Amino acid sequence: MQVLVLDTIHGGNEIGAAYREAGHSADVVDIYRGTTPVELHGARHRHYDLVVAPVHLDPGHPLLAGRTVPVITHHDAVRQLLGEHLPHPMIEITGSRGKTTTAHALAHILCGNGVLHTSAGTYMFPKKHLLWKKSITPASEIPAARYASRMPGWLVAEISLGVTGAGDLAIITSADTYPFAGGKKNALDLKIASARHAKRVLLAEGVSCASGNAIGVEDIATCNADRCTVEMEGKKYILANSLFLLPPYRTPLMLAAAAAMILHADPSPLNHFAALPGRMSVSHEHDRVIIDNANSGTSAETTLCAARYARHCARTGGLTLVIGQAEGDGAVCEGFSFSQIADAIDRVRPARTVWVGRYPDRGTGPYESLEGKVDAICTTLEEGRDTALRMAQKGPIVLSVKTWR
């Protein structure tokens, strides 16, 4: 079979290599940077039996428009390439918020050997040994699944913009959505559609799916303050963890607990689950509380939650907010717009603000809206953190920079 694979940036090379390993012929084309001009020219005129395109590609792209052969997504291709040689259990997690936290929480629950694949890295459990760091494009699941299968052990994998449906359970962590692929596709609709091949689907509150294999987290888990009750098929657990009080943790922990019930695992280890670095973790430096909320999912809402948490932990002193988006951080699919950042600053009302990343141009609306509200401008998260420590003699510091970690 002659296969055309589009997009080298988001895993096309890995998918092409997997097709060749399976005995097929595969051409891989860079559709964004122009690094494969020979392959691009050939792809315009050559016949293919199958075209594999990323979900975020505009359907009107010249290499897609007018094709009469089957066109499938990277997600579908990975499911086909993995075949029957899968780890068990295999859980895939997607959603605009909470993917990484849900994945770590579920890995914390599962017993024995396994592989955790997230945007923070791919780890072998239970030793938590770092295997490698790759993106969370569908193609990156291929080596993670193969490694877990050889162990043998379980796999918990975070995937962007949908799941492959190859595993035992798919989890959609958020009802948030946005347009993409030239404004022609809806992110949540695509994520729901991608789960049609999964054996079971677990949905965050607010996500609806007509499939008979789907169940809502609210049908298994309920939260009251720092307690979470999970009940399914005659089994019941009451979990206690102060992280249930924090909105960015509540849903991921509920999803992990509900997933454990579906997989017939004991969710009790969540009683001892701790905050992750960059996701509301607490540290102290020179008697100052630092709340680290800098990750790829940082938003105005998580910033507000981090500020509340910081004030609760510190009790006294004016809050210093380090906020923005690291420049050139292409790994972050959804940006943190000037208006969103300005909204977060207005709602948090910090005593001091350190901006990280590109600042609005003088004379623009965003620039005017921020006038008098920003005390320093930095390039990186590290520079912003150091600046905040120098500026703030007392009071809590919140790191709320959208960046790949």
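User: Happy to be looking at this with you! Where is the place of T320?

Analyst: Welcome! This is a predicted model. In it, the place to look for T320 is the stretch of residues 320–325, which is strand β20.

User: Is T320 buried or exposed, and what is its relative accessible area?

Analyst: Setting aside neighbours within four places in sequence, T320 is in contact with R352, V354, A388, A392, P396, I397 and V398. Buried means under 20% relative accessible area. T320 is therefore buried, with a value of 0%.

User: Let's turn to the sheet of eight strands. Which strands stand at its edges?

Analyst: This open sheet has the order β8-β7-β6-β9-β5-β10-β13-β14, and its pairing is mixed. Two of the strands have a single partner strand each, so one side of each is left without a neighbour in the sheet. Those edge strands are β8 (129–132) and β14 (214–216).

User: By how many degrees are neighbouring strands of this sheet turned against each other on average?

Analyst: The eight strands form an open sheet with mixed pairing. With direction ignored, the average turn between its neighbouring strands is 20 degrees.

User: In β9, what is the bridge partner of H117?

Analyst: Strand β6 covers residues 114–118 and strand β9 covers residues 154–158. The two run parallel and are joined by four bridges. Looking across from H117 into β9, the bridge partner is A157.

User: Which helix packs on the sheet, touching β5, β6, β7, β9 and β10?

Analyst: The helix in question spans residues 99–109, and its direction makes about 170 degrees with that of β6. The strands it touches include β5 (90–94), β7 (121–125) and β10 (169–172). This helix is α4.

User: How many residues of α4 are buried?

Analyst: The buried residues of α4 are K99, T100, T101, T102, A103, H104, A105, L106, A107 and I109. What covers them includes β5, β6, β7, β9, β10 and α7. The helix is mostly covered, and the count of buried residues is 10 of 11.

User: What is the relative accessible area of H104?

Analyst: H104 has its place in helix α4. Leaving out neighbours within four places in sequence, H104 is in contact with L116, T118, A120, F273 and L276. Its C-alpha atom is also separated by 10.0 Å from that of A275, although these residues are 171 residues apart along the chain. H104 counts as buried because its relative accessible area is 17%.

User: Which helix gives the largest share of the largest nonpolar core?

Analyst: The core has 78 residues, and those with the most contacts inside it are I91, L106, V156, I171, L202 and L270. For I171, contacts beyond four places in sequence include I91, L106, L202, L255 and A259. The largest share of the core is 11 residues, and these come from helix α7 (residues 247–262).

User: How many residues are in the other core that lies apart from it?

Analyst: The largest nonpolar core has 78 residues. Apart from that one lies another core, with I72, A139, A145 and A148 among its members. The size of this other core is 25 residues.

User: At roughly what angle do helices α8 and α9 cross?

Analyst: Helix α8 (residues 300–314) and helix α9 (residues 338–348) have axes that come within 9 Å. In α8, A300, E301, T303, L304, A307 and R311 meet Q340, D343, A344, R347 and V348 of α9. The crossing is right-handed. Angles under 35 degrees count as roughly parallel, and the two helices fit that description with a crossing of roughly 25 degrees.

User: What is the handedness of the crossing of α1 and α3?

Analyst: Helix α1 (residues 12–21) and helix α3 (residues 74–82) pack at an angle of about 35 degrees, with axes 11 Å apart. The contact is made by G12, I15, A18 and Y19 of α1 and H74, A77, V78, Q80 and L81 of α3. Their crossing is left-handed.

User: Which residue in β2 does V3 stand opposite?

Analyst: Strand β1 (residues 2–6) is mostly covered, with four of its five residues buried. β1 pairs with strand β2 (residues 25–29) in the parallel sense, over five bridges. Opposite V3 in β2 stands A26.

Definitions and conventions
Residues are numbered from 1 along each chain as its sequence is written. This is a predicted model: local features need pLDDT of at least 70, side-chain atom pairs count only at pLDDT 80 or more; totals for chains, interfaces and linings use all residues. Side-chain values use heavy atoms; hydrogens and water are left out. Two strands pair if DSSP finds at least two bridges between them. Axes are lines fitted to C-alpha atoms, for helices over the stretch in contact, and angles run from 0 to 180 degrees between N-to-C directions. Contact means heavy atoms within 4.5 Å. A nonpolar core is a set of buried Ala, Val, Leu, Ile, Met, Phe, Trp, Tyr and Cys residues joined through side-chain atoms within 4.5 Å. Buried means under 20% relative accessible area, exposed over 50%, partly exposed in between (1.4 Å probe, protein chains only). Angles under 35 degrees count as roughly parallel, over 145 as roughly antiparallel, 65 to 115 as roughly perpendicular and the rest as oblique. A crossing is left-handed if the near helix is turned anticlockwise from the far one by less than a right angle, and right-handed if clockwise.
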